[in-house]
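Hi everyone, thanks for making time. Today I'd like to walk you through the empty spaces and the packing in a structure you haven't met before. Have a look at it first.

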Amino acid sequence: MQAALEGRTALVTGASAGIGAATARALAAAGAHVVLTARRKARLQALAEELKSATALELDVRDAGAVSAALEAHPVDLLVANAGLAFGTELFQDGDPAEWSVMVDTNIKGVLHAVRAALPRMIAAGRGDVVLMGSVAGRQVYPGGNVYNATKYALKGLYEALRLDLMGTGVRLCTVDPAMVETEFSVVRFRGDEEAASKVYDGMRPLTPVDIADAILWAVTRPAHVNVGEIVLWPTDQASTRDVTRRS
Ligand SMILES: NC(=O)c1ccc[n+]([C@@H]2O[C@H](COP(=O)([O-])OP(=O)(O)OC[C@H]3O[C@@H](n4cnc5c(N)ncnc54)[C@H](OP(=O)(O)O)[C@@H]3O)[C@@H](O)[C@H]2O)c1
């Protein structure tokens, strides 16, 4: 039997860790050729060696020219715009504008440029899949979420508007919005403090990157007339961005 994604080429941003790496594995296992992108090339190369068919490409999504060139060199019919990050949980009034810029440039502008560069070829072909990595932080706020919340709300707005612009093109658009997933996300958020990062998951069972990758794979392997629009994934132990059951 033919694998579900045989003959397809996917590009995953932020494939060097966490959700992006798990998604790349899932797409490759389903038969896609996967272009793995992120800033840490050594990690991408190690992952590429593990996969059946993959290319490792160093790419900072904040560099719009490099993003366009990557998609020119690697025509894809499946884009997972996943690269993203948060810094800190300080109140807005205590925040660092330099860190806000990195979040805005990565989480919003990085996604805009990648989607813009990927779409013309998909539209010309009359098919393709764009997956945006949103978050429940783009649906509900929480204290200290401020600028990270704003970037993920921006993606939710993009999702809503782009659905309209893509009408009639045959290109499918999906936003995948997870709650707590245990990855390096919290280590980055706490600026390398691994102890603070691990406390985020104390006494509760978070989602894993594989849980998110499964959902993405399911969405992009539906028949062409089915567009899975929004996937919101919560750990069973979490009811909102502010309500988490902790057993210890
Ligand atoms: N973990 C969660 O609880 C959670 C929940 C909801 C949504 N999300 C979203 O899921 C996505 C992936 O996060 P994760 O949890 O898998 O975190 P992660 O393990 O820290 O992975 C983040 C990925 O983004 C890449 N990245 C960061 N800045 C980049 C840049 N400028 N250019 C290219 N790649 C960049 C990193 O690669 P390099 O450092 O090698 O560039 C890494 O591969 C993010 O958009 C995040 O907002 C996470």
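Okay, so let's start with the largest pocket, which has a volume of about 1,200 Å³. Keep in mind that this is a predicted model. Who sits closest to the centre of that pocket? Of the 50 residues lining it, the closest are L85, Y148, T183, F185 and S186. If you want to trace the walls by element, those giving two or more residues to the lining are α1 (18-29), β2 (33-38), α4 (97-125), α5 (146-165), α6 (185-189) and β9 (243-244). The largest share comes from α6, with four residues. As for chemistry, the lining of this pocket has 23 nonpolar, 17 polar and 10 charged residues.

Next, the second largest pocket, at about 230 Å³. It has 15 lining residues, and R8, R127, R172, V220 and R222 lie nearest its centre. By class, that lining splits into five nonpolar, four polar and six charged residues.

Now for the enclosed spaces. How many cavities of 30 Å³ or more are there? The count comes to three. The largest cavity has a volume of about 90 Å³, and 17 residues line it, with F87, E90, W100, M103 and N146 closest to its centre. Two elements, α4 and α5, each give two or more residues to that lining, and α4 gives the most, with three. You may remember α4 and α5 from the list for the largest pocket. The lining of the largest cavity is made up of six nonpolar, six polar and five charged residues.

The second largest cavity is about 50 Å³. Among the residues that line it are D129, R172, C174, V220 and N227. Here β5 (128-133), β6 (171-178) and α8 (209-220) each supply at least two lining residues, and the largest share, three residues, comes from β5. The class split is seven nonpolar, one polar and two charged. R172 and V220 should sound familiar, as they also came up at the second largest pocket.

Last stop, the packing. In soluble globular proteins, nonpolar side chains tend to be buried together. In this model, the largest nonpolar core has 35 residues, and L27, V34, L36, V176, I212 and I231 touch the most other members. Take L36: leaving out residues up to four places away in sequence, L36 touches a list of residues that includes V12, A24, L44, L51 and L57. Apart from that core lies another one, of 26 residues, among them L11, V111, V171 and L173.

That's my tour, thanks for listening!

Note on methods: Residues are numbered from 1 along each chain as its sequence is written. This is a predicted model: local features need pLDDT of at least 70, side-chain atom pairs count only at pLDDT 80 or more; totals for chains, interfaces and linings use all residues. Side-chain values use heavy atoms; hydrogens and water are left out. On a 1 Å grid over the protein atoms alone, a cavity is a set of points where a 1.4 Å probe fits but cannot get out, and a pocket is an open set with protein on both sides within 12 Å along at least five of seven lines; lining residues have an atom within 4 Å of a point. Grid points are joined across faces, edges and corners, and a volume is the space filled by probe spheres set on the points. Ala, Val, Leu, Ile, Met, Phe, Trp, Tyr, Cys and Pro count as nonpolar, Asp, Glu, Lys and Arg as charged, and the others, Gly among them, as polar. A nonpolar core is a set of buried Ala, Val, Leu, Ile, Met, Phe, Trp, Tyr and Cys residues joined through side-chain atoms within 4.5 Å. Buried means under 20% relative accessible area, exposed over 50%, partly exposed in between (1.4 Å probe, protein chains only). Contact means heavy atoms within 4.5 Å.
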